[in-house]
Amino acid sequence: MLEIKCPYCGKRSQNEFSYGGDATIKRPQLGEEISTEDWDNFVYYRDNPRGKHSELWHHVSGCRQWFKVSRDTATHEIFDTCKMNEDFNV
Amino acid sequence: MSNSFRTTNSTGLINKDKKINFTFNGTIYHGYEGDTLASALIANGVHLVGRSFKYHRPRGFLGVGVEEPNAMVQLHDGNKSEPNIIATEVELVEGLKAKSQNCWPSVQFDIGEINNVLNRFFPAGFYYKTFMWPKSFWMKIYEPFIRKAAGMGKAPLLPDPDRYEHNYEHCDVLVVGSGPSGLASALAAAKNGARVILAEDKPNFGGSLLTDEVTIGNMSGKEWASDTISQLKSMPNVILKKRSQVFGYYDHNMTVMIERVSDHIENPSKYTPRQRLHYIRAGEVIVSTGSIERPISFGNNDRPGIVLASAAKEYMKVYETLVGKKPIIFTNNDTAYSTALEFIKNDIEPIIVDTRDSSNGELVKEVQQKGISIKFNSGIADTKGHLKINSAIIGKLDSSKESFISEETVECDCICMSGGWTPTVHLSSQAGNKLKFNDDIDAFVPDKKRQKETAIGAANGSFTLNQSLAEGFQVGFDLSNKFTDQNNPTNSPNSNEPSYEKHEKLWCMPLPSGKKPKRFIDFQNDVAVSDVELAIREGFRSIEHVKRYTTLGMAGDQGKTSNLNGLQYVSKIEKKIVPEVGHTTFRPPYTPVTIGAIVGREVGNHYLPTRKSPIHTWHEENNAVFVAAGLWQRPRYYPMGSEDMNSAVNREAANVRKNVGICDVTTLGKIDIKGPDAPEFLNRVYTNAWLKLPVGKARYGVMLREDGMVFDDGTTSRLSENHFHMTTTTAQAANVLSHLEYYLQVVWPDLDVNVLSTTEQWSGIAVAGPKSRDLLSKLFPDVDMSNEGLPFMGLVDSSIDGIKARIYRISFSGELAYEVNVESNYGLYTWKKIMEVGQSFDIQPYGTEALSTLRIEMGHVAGAELDGRTIPFDVGLNSMVSQKKDFIGKRSLSKDAFTESDRQTIVGLVPLDKKTKIPEGSHIIEDNSAVAPIPKLGHVSSSCWSVEYNNPFSIAIIKDGKNKIGKNLYAVSPLKDISIPVEVVSSHYVDPEGSRVRS
């Protein structure tokens, strides 16, 4: 079980959180003209890297804040966590 | 049979003043306080405890602790019965009942032993080869037979009556194992101020110090251990746990430990758990788990009476028990000589067989000085004795040590063997440590760590006491210093121990001349040297494949005594060094763990939380039959008298259509939405327009996922300019909140909006039916309930008996209907009040079944239609989709597949006979006589008995649905083997104009 540092609450056990996918995905602007291919890339396609991965987590059984986690998908090492409006230090 | 195999000394840890009676295979024996089931049986001369897994060979004790592969028993009976318990790990308790497993009719005479005679038909992988055809025989004949013949104990069929608990701990330093290095590191870390947990599997702390003749400072090893424990006990920053096995090492230094709390207590108090599972998140983990002695493979090396030398020593020193009185010590190293010396102390002269040419170790010399001659350059070739060993054939090895020159038969009643030591690296390996092979000790040791884990002492391959203590004190200090600012190191005391000469790299004896007895490597899974040879001969090269083909190391003991010997043998045949062969993966749990302990208190009603509406007690008192809706318990229907479900549901639904019904809708999700950008936010979340919704009005809304599928629907009302009240379906309440939070926090953080769940703050009561207006007028005389005063989709604040209430004019039933919302605490009162006043309007409560009937008749969609595979067009909600604005998922709706006009869409179905109910999930097909595969047009999503028309009615989603209306098709349910001719009608079966809700 991972131990995740919520940037608002501190270190908590993984079972307080839910996973929210790739943090680098940017939603297209509202009303933006967008090709089907680009839209499909946004909706469906995700990289599945081995190693460092920026991802979203939701402190769903806690402060209910979404935040960013930089995690190694192979070793589960967590390099850093930060609020949505911040950047990772590591 | 009364403890004739006890030593005369009393230097051990048993209390001979306290007798304990127990039963084994129906015979009553006694042992003493401090005994294990194993030591008590051995003291009574009982070595035959079970039959082996595959060949049903008689088996006894090999070890003295967790390493034991053979001595598994079935403990207790009835609902407390427990299979596959290692007798060496069971503390004796008054009245304990144990019996042998895997034998019939008895352990002495076991029919299954025929497998041993036929063993040439059961080589490695025999079931892959033998039982391949005819194919149909596998499931019916071979598999059940093998399962019955091979096997272990029997799982009880009754519920477990015992109590198990879970506990969560945090510490700076967790020390696993209380041998010399573990004690040293715990002491050093604790003295330096760190929060320490020290875990020991056995009932006594001390590890090897309890059996080794060593001195530390001016104390014996045993005294030093007890002194150190006293010191640790007095420190508030230390938790000491014995009878506690750390069996798993998971991510981020999460370890899991099982504590045997009351298994050893005769009459534990009622609320004492049997076992406790501790989740320990440790800053640093010190793995001081010691090492396990290796057996040697030789002919018939599995007979009862053949034990590990270290086990024999521990039985003597700790349990004052002799494994035999005519022992042979068989070794390739010096440590077994301490066992020989212990026998000599008990006036027993062992015969010593050593594979080496010579040794000048201190212990070897000491034995020789006592006048015992040692058979060097010799090995055991074979043994005899059916249910217990009675003699051994000792052979002189030739110079290559590949065969025997001469052989002699020697009488004995036990063989104490030692093939050297294997560091217990399981936890380090589980933690992701990449092990390396240490050629000096011929074993794997931890090397490159991935987590905060440090192996010390024997677990690290440091086999001398001096080294172990030094590592312990140093590592304990270093690691604790990461957590404290005390910088207070503890020095390692001087220690004294015998010096040892090197072991010989020989773990498998040659076969005796002219015979081919089985030489076992893995005792628990009956894997012999010949099986490994066969696997290699048949081309299995990867050690992982050899393991799976032979099942070497795959038994419950996870190969604690067999893995390395197997590897060594593969490397010998393959002429590769061991590191090239590699090792198999160590996985948790290190020792078997009771399922009950893993489950803990989450059993029965505690399996999941139960959510109840504030009106729940009324439902109970009024005969409601409940149904689970997620965690909620909702009334399904309220039978009257001897009514069955169908008649109750029809009565309840009909009463809504005719008079007035009342339904508890507290479970609907409710979300409070506030902020200047709230209208804009709703406009983006819902498919329809929200900016112009007037204050005091509600609107039905549909939300999509980005992939265009309908996510949820509900009614949202505007309470003031920037304040909205959203409702969601019961099932999606939590997901919708997370969804809204995601868009507000991640996607559009610039929007100034706050969302908060208020599901539990409001109690919702639906009042539906043509008489609902009159009823509400009577309840709320101040409110103008006329169509003009409170129109459809309007809302008004009022009060009832001083209780604030909000009344929405919304409808799920399709009738004229209202929803009264009050603060949760007043839900029950308000419900009762409505029931009371409603009597004169013929009010009746209705449950979720009638609720479904009413909405299905009206063609209102719910979870069965919004199943994550439908876009608004499919379920008749296209009019809800704004063409003017963008919203979540809109772009997906213009994709090619989503704009095809013949998509599967919602329709109604009526059976032609107007009688047969159409099962939900039925397939819709065009031609009933077509040959399979028959093209499927769609499926039935919801079914009910229409109370309006008194015939069955269903909603289905079928290809090109709108153009199928008026056609006859078939609803088929292969599961129920029925085919029903149906007519396709509009899904709006009752009141398609929607005039009733607006009346």
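The side chain of T727(B) reaches the backbone oxygen of T715(B) at 2.7 Å. That small detail is a good doorway into this structure, which is a predicted model.

## Starting at T727(B)

T727(B) belongs to strand β38 of chain B, a stretch covering residues 723–728. With a relative accessible area of 13%, T727(B) is buried. Leaving aside residues up to four places away in sequence, T727(B) touches G669(B), K670(B), Y686(B), D713(B), G714(B), T715(B) and T716(B). The partner in the 2.7 Å contact, T715(B), is therefore also on this list of neighbours, where a cut-off of 4.5 Å between heavy atoms applies.

## A second threonine, T383(B)

Another threonine worth a visit is T383(B), found in strand β21 (residues 378–384) of chain B. Its relative accessible area is 1%, and T383(B) counts as buried because the limit is under 20%. The side chains of T383(B) and R303(B) are joined by a polar contact of 2.9 Å. Around T383(B), again without residues up to four places away in sequence, the contacts include F298(B), G299(B), N300(B), I306(B) and I415(B).

## The nonpolar cores

I415(B) leads us on to the inside of chain B. Which residues touch the most other members of the largest nonpolar core? They are L37(B) and I415(B), in a core of 80 residues. Helix α8 of chain B (residues 336–345) gives this core its largest share, 6 residues. Apart from this core lies another, of 30 residues, with L183(B), A184(B), A190(B) and L469(B) among them. In soluble globular proteins, nonpolar side chains tend to be buried together.

For a closer look at L37(B), its contacts beyond four places in sequence are F22(B), V73(B), L75(B), A87(B), V90(B), L92(B), L96(B) and A98(B).

## Salt bridges

Over all chains, the count comes to 60 salt bridges. Here are a few of them, with the distance from N to O.

| Acidic residue | Basic residue | N to O distance |
|---|---|---|
| D263(B) | R274(B) | 2.7 Å |
| E574(B) | R541(B) | 3.6 Å |
| E857(B) | R657(B) | 2.6 Å |
| E3(A) | R281(B) | 3.8 Å |

D263(B) and R274(B) meet in a salt bridge, and both residues sit in the loop between β14 (254–260) and β15 (275–287) of chain B, 11 residues apart. D263(B) is partly exposed at 29% relative accessibility, whereas R274(B) is buried at 12%.

E574(B) and R541(B) form a salt bridge too. E574(B) is in helix α14 (residues 563–574) and R541(B) in the loop between α12 (529–537) and α13 (543–550) of chain B, so this pair ties together parts that are 33 residues apart in sequence. R541(B) is partly exposed, at 43% relative accessibility.

The salt bridge between E857(B) and R657(B) links distant parts of the chain: helix α23 (residues 848–858) holds E857(B), helix α18 (residues 645–658) holds R657(B), and the two residues are 200 apart. Are these partners buried or exposed? E857(B) is buried at 0% relative accessibility, and R657(B) is buried at 11%. Elsewhere, salt bridges that share partners join R163(B), E165(B), K241(B), E259(B) and R276(B) into one network.

## Chain A and its meeting with chain B

Chain A has 1 helix and 6 strands, following the pattern β-β-β-α-β-β-β along the sequence. Its C-alpha atoms fill a box of roughly 40 × 30 × 25 Å along the principal axes. Of the 90 residues in chain A, 36% are buried.

How many residues does each chain bring to the contact? Chain A gives 27 residues and chain B gives 27 residues. Together the two chains bury about 2300 Å², with 53% of it on carbon and sulfur atoms. M1(A), R27(A) and L30(A) supply 27% of the area that chain A buries against chain B, more than any other three residues.

Between chain A and chain B there are 4 salt bridges, and E3(A) with R281(B) forms a salt bridge at 3.8 Å. The two chains also have 16 residue pairs in polar contact, counting pairs with both residues at pLDDT 80 or more. On the side of chain A that touches chain B, α1 (36–43) and β4 (52–58) each supply at least two residues. The largest share, 5 residues, comes from α1(A). By class, this side of chain A has 13 nonpolar, 9 polar and 5 charged residues.

Methods
Residues are numbered from 1 along each chain as its sequence is written. Chains are lettered from A and ligands numbered from 1 in the order in which they are written. This is a predicted model: local features need pLDDT of at least 70, side-chain atom pairs count only at pLDDT 80 or more; totals for chains, interfaces and linings use all residues. Side-chain values use heavy atoms; hydrogens and water are left out. Helices (H or I, at least four residues) and strands (E, at least two) are DSSP runs, numbered from the N terminus. Buried means under 20% relative accessible area, exposed over 50%, partly exposed in between (1.4 Å probe, protein chains only). A polar contact is a pair of N or O atoms within 3.5 Å; within protein, one must be able to donate a hydrogen and the other to accept it, and residues adjacent in sequence count only if both atoms are side-chain atoms. Buried area is the accessible area (1.4 Å probe) that two parts lose on being put together, summed over both. A salt bridge is a side-chain nitrogen of Lys or Arg within 4 Å of a carboxyl oxygen of Asp or Glu. Ala, Val, Leu, Ile, Met, Phe, Trp, Tyr, Cys and Pro count as nonpolar, Asp, Glu, Lys and Arg as charged, and the others, Gly among them, as polar. A nonpolar core is a set of buried Ala, Val, Leu, Ile, Met, Phe, Trp, Tyr and Cys residues joined through side-chain atoms within 4.5 Å.
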